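I opened this entry to look up charged side-chain pairs and one packed pair of helices. The notes follow in the order in which I checked things.

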Amino acid sequence: LLACSCAAESLATLKNLASRNVLPGSTITPLASSLCRLLSAAETDISNNTECKQTEDSVFDKGISTQKTFVASNSAEILWMMLSNESTCCQASDSLLDAIDVDLSLNEADSENGNVDDSIYSASGSIRALSAAMFGDPPSVKGVPLLRFFWEPVINLLGKVASTIFRGSCNSLQVGFSLVDDQMNPITLSKSVCRKKQLLVIVLEIVLALRRLIDSEMVYGNGDLCPNEWMSLIKALDVGLSPWLMYPAIFDEQFKAGKIQNIDQNLQQEIFAEVMILFSQVQGFLLKCSQSKLRPFHHIADDECREHLHKFLLRRICPALARIGDAESLALAVMKSWCVVGYLPFRDGNWSKSAVDLLVEANASILGSGSQYPGGYAHSPEVRLEAFKSLVDDYNDKGVSNLSAIDSESVSTVTSASFFHCDVPDLSLFSLTRNLRDLHLELIQKILLPQIIAILEPNYKVSVQSHVLPKIHLLKPKTDSGKEIEFNASVVDCLVIMEKEFRLRKFAVRVLGTLFRSVSGDGDNRCHFIELLKLVAVSEPHSMESWIDETIKDDHNQTILVKERLIEETYRLRLEALRQMELCLRAPFSELPHTHGSVPIILKALGETASFFVKEKGSSSQSMGLGQYIMSLLTLASVIPLARLGCTLDGRGLIMPKDCVTSIIPEDLLSAVSSDAVIGSIFSTDELHVLSEEQNLFVDQLSIAPFVFVHLLRADEENESISLRNNMFLPRRSRRKRERSRGQDGKEGTTVDFEPVASVLKHVLQHCPGPDHRVHNSIELRDGTITSNSLSLLPSKIRMVCYEALSSFFSHGMTSSSFEAESLCWLQNSRSDFGDELVLKSQMISSLCGAIGRFHLSQDGEYETKESLTTQLCNILIELIASKQHIAVQNACWGLSLILGYLRVGISEEKSQASTIDAYATFVEKSFGPILECTCSVLETNDSTPTVLLPIVHVLREVLVC
């Protein structure tokens, strides 16, 4: 107690002398060194005494602790005065820097034996005193301005000293973080570091010193560091602090090995916690930069320093935080900060390099296996989504379009100098290049399209574009034994990652449709866009199954749970692909008439998807829940766009409102296949906005295409129609040249033959299952429930949509049938045994009878062929008459009347030769005998109503006339 009291009084006297600036110059250097040792020793004793258990016998402990507190505070104040005075600043600073410059690896043996050299105490106190004087204690205490000159060497020195505690890290100190070497040495942490108890005090002081710097300049400041200071700070964080992110992995290994007793847990955990807080503050600073009103200017003005910081965090820190912290939040903050500057001005291709660099860093992959994310990526799908959005989304955080803030013609002429004189909107690269066609096509072909392919179908090859984005491979963090850190994800983590992955893929699908509908798009690229959309619709999502098997290895029940969610997410991804194809099909009928040449390609893609879904039975893993109904639901979603098509009287193509087709579908079933409902549950209003040129595409109304013509068949053009249908299977380029040249009647545009569309609908009818009378369970989806009744009606609703579409095609002359006997197998195999479906089927057959009568029965031909075809039609119509469904009977009778009428016209136009008349008589006798029998049996029943009798009597009259 006496010694502490004397020391406190002596320091009080020195403090008085220092305040009056009368300390002799020759005493500054030794005094500064002594004060640092005294400060560190006093605070160490205070902390040790605080941890000890107090007893009643230690009557002097409280007094001693009070005197030591005075010693520490007076020492700190004297050092502050010396550092803030111009006459003593340089001498005191040099003394403290000499004390800090120690090699912790040389003191390892003494530390393990419990012997601590005075240099360790001196270094610890010097770090605390110098950092407090330089950076202050923000926000209340500012640093000493005189010491700003020492910031760069002090930061370098702190990083160097902190790195010497790691074995084998001295060589990396000379290089630091390098942007050139992608596959740099991974972050490691030696187990022996955890045993250097006394030396860890210096490391903790260094971490706290760097935290004071970050608090001063990033948390409460604006990052006003010069380029050299930024580079020194990044280097210090890399070589000195980043290895401590591996501490939990080291602790886990030692705990399993039974060596936990040799570790000073409290000090190590405090260092680790401070390092985590430090990087969290860096993350907050980057978010502050992205939300600043200074956009498009960044707080870090130097481009090289900003790039160095971003890449350091993405390549070094995020992989190390993936196992122990929120690496996704830090990476998202980096992406937002990266996009602050934007891509203007367009000088020397810098915009292209900036976009490619951003995507390359976001899509970095982990070298080897065992990645936390599907596809082996180093960063979360949310991070890759943020990078991708920055290239195509030109809306601000409030979800308000910036397009109205600037004239479209002046977007490409904005320069950095003009930012000071006008409010330039935060436009994406897609919008900035829209009026510069060459740059826009370069953006699509060399940046956006390769990125979309990498997300959706990495194996897809584009013939006109061989550009591939470069890749970088990062190494996983390791322990000093060389063992890589494994990521043990739970089921919840897998479900969250899967949802984010499919969120990214849905976004890519939607961007793909947007590129198709871009005003500045290229026709050749549009073919690839539709091909990619079709491939997404009919393919299983790549790399998902293998990722699930690698991530969840032991628990079979959890694997089944995750794969059930995979089925639902895959279903929603396919629905989004179908939605984009439907919007692309609608584009030529609304605001984008110049895309008319792509209509046959879109129709072919939709037809192939519908044919695929109706045949696909699903894998064995899809036998329960939603899986067994997925293909039927997707079939319904595929045929709805085809059923919306029609034509005007002059042969122009039109697209009907969706309600005209979907009014017969139950609401819960329609919600499950409605892409609008699904996209609403996936994207919020501020995640992906519609470009201004697409606004009218979402207005659901009847639209007529100015340059799309329907090939309306006439009786004398049957051979010509067959030739046109064959053109659908020519190479794409030659076919598009023919279709673009001349439309119907010599008009400019594209003439579309609907026979392939009708063939797809017939194929769906032929393979669609019959009425399902099984007991179904309701299915719970995230955005609704499909009832059991609706599931049982699903096959019927698919057939009803096809019947309605074919009826329109036949009645308008948009298509005819190839008139062979086996061509009606699709109609004979379709099952319709109740209600509204039977009515629509009879209506379609009636229209088919008119088309067959017009294009075949009324023309010259062999009666054997006519007899076979007519017999099939008559048998089907007789079944409809026997159904006693009033409207179905009326439609069937109308179809029979059409057949008889066209036969009568055909025989009257032929020559009255004996052989012809005899063949006709035999044909009539064989074909209409069953009709007479059926109609007579219906007339004999007592419950026949006039609505049934009158059409039957009309049919009898036609038979007698024939």
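Salt bridges. I counted these across the model, which is a predicted one. The count comes to 29 salt bridges. I then went through three pairs one by one.

Entry on R211. I found the side chain of R211 in a salt bridge with that of E274, at 2.7 Å from N to O. I noted that the partners come from distant parts of the chain: R211 belongs to helix 9 (residues 199-219) and E274 to helix 12 (residues 265-290), with the two positions 63 residues apart. I checked burial as well, and both R211 and E274 are buried.

Entry on K311. I looked up its partner and found E307, with the closest N and O atoms 2.7 Å apart. This pair stays inside one element, since both residues lie in helix 13 (residues 303-321), four residues apart, or about one turn of the helix. I asked which of the two is buried and which is partly exposed. K311 has 8% relative accessibility and therefore counts as buried. E307 has a relative accessible area of 26%, so I logged E307 as partly exposed.

Entry on K658. I recorded a salt bridge between the side chains of K658 and E582, at 3.6 Å from N to O. K658 sits in the loop between strand 4 (652-655) and helix 25 (659-662), while E582 is in helix 22 (residues 556-586), so the bridge ties together parts 76 residues apart in sequence. The relative accessible area is 16% for K658, which I therefore noted as buried. E582 is buried too, at 9%.

I also looked for salt bridges with shared partners. Such bridges join R211, D215 and E274 into one network.

Entry on helix 22. I checked the helix that carries E582. Helix 22 has 31 residues and spans 45 Å from first to last C-alpha, close to the 45 Å expected at 1.5 Å a residue. Helix 22 is mostly covered, with 23 of its 31 residues buried.

Entry on helices 18 and 20. I looked up how helix 18 (residues 437-456) packs with helix 20 (residues 523-538): the angle is about 10° and the axes are 12 Å apart. Angles under 35 degrees count as roughly parallel, so I logged helix 18 and helix 20 as roughly parallel to each other. From helix 18 the contact uses L441, I444, Q445, L449, I453 and L456, and from helix 20 N525, F529, L532 and V536. I sorted the residues of this contact by type and got eight nonpolar, two polar and no charged.

Note on methods:
Residues numbered from 1 in each chain as written. Predicted model: local features only at pLDDT ≥ 70, side-chain atom pairs only at ≥ 80, totals over all residues. Heavy atoms only, no water. Salt bridge = Lys/Arg side-chain N within 4 Å of Asp/Glu carboxyl O. Buried < 20%, exposed > 50% of the residue type's maximum accessible area, 1.4 Å probe, protein only. Expected span 1.5 Å × (residues − 1). Axes fitted to C-alpha atoms, helices over the stretch in contact; angles between N-to-C directions. Parallel < 35°, antiparallel > 145°, perpendicular 65-115°, else oblique. Contact = heavy atoms within 4.5 Å. Nonpolar A, V, L, I, M, F, W, Y, C, P; charged D, E, K, R; others polar.
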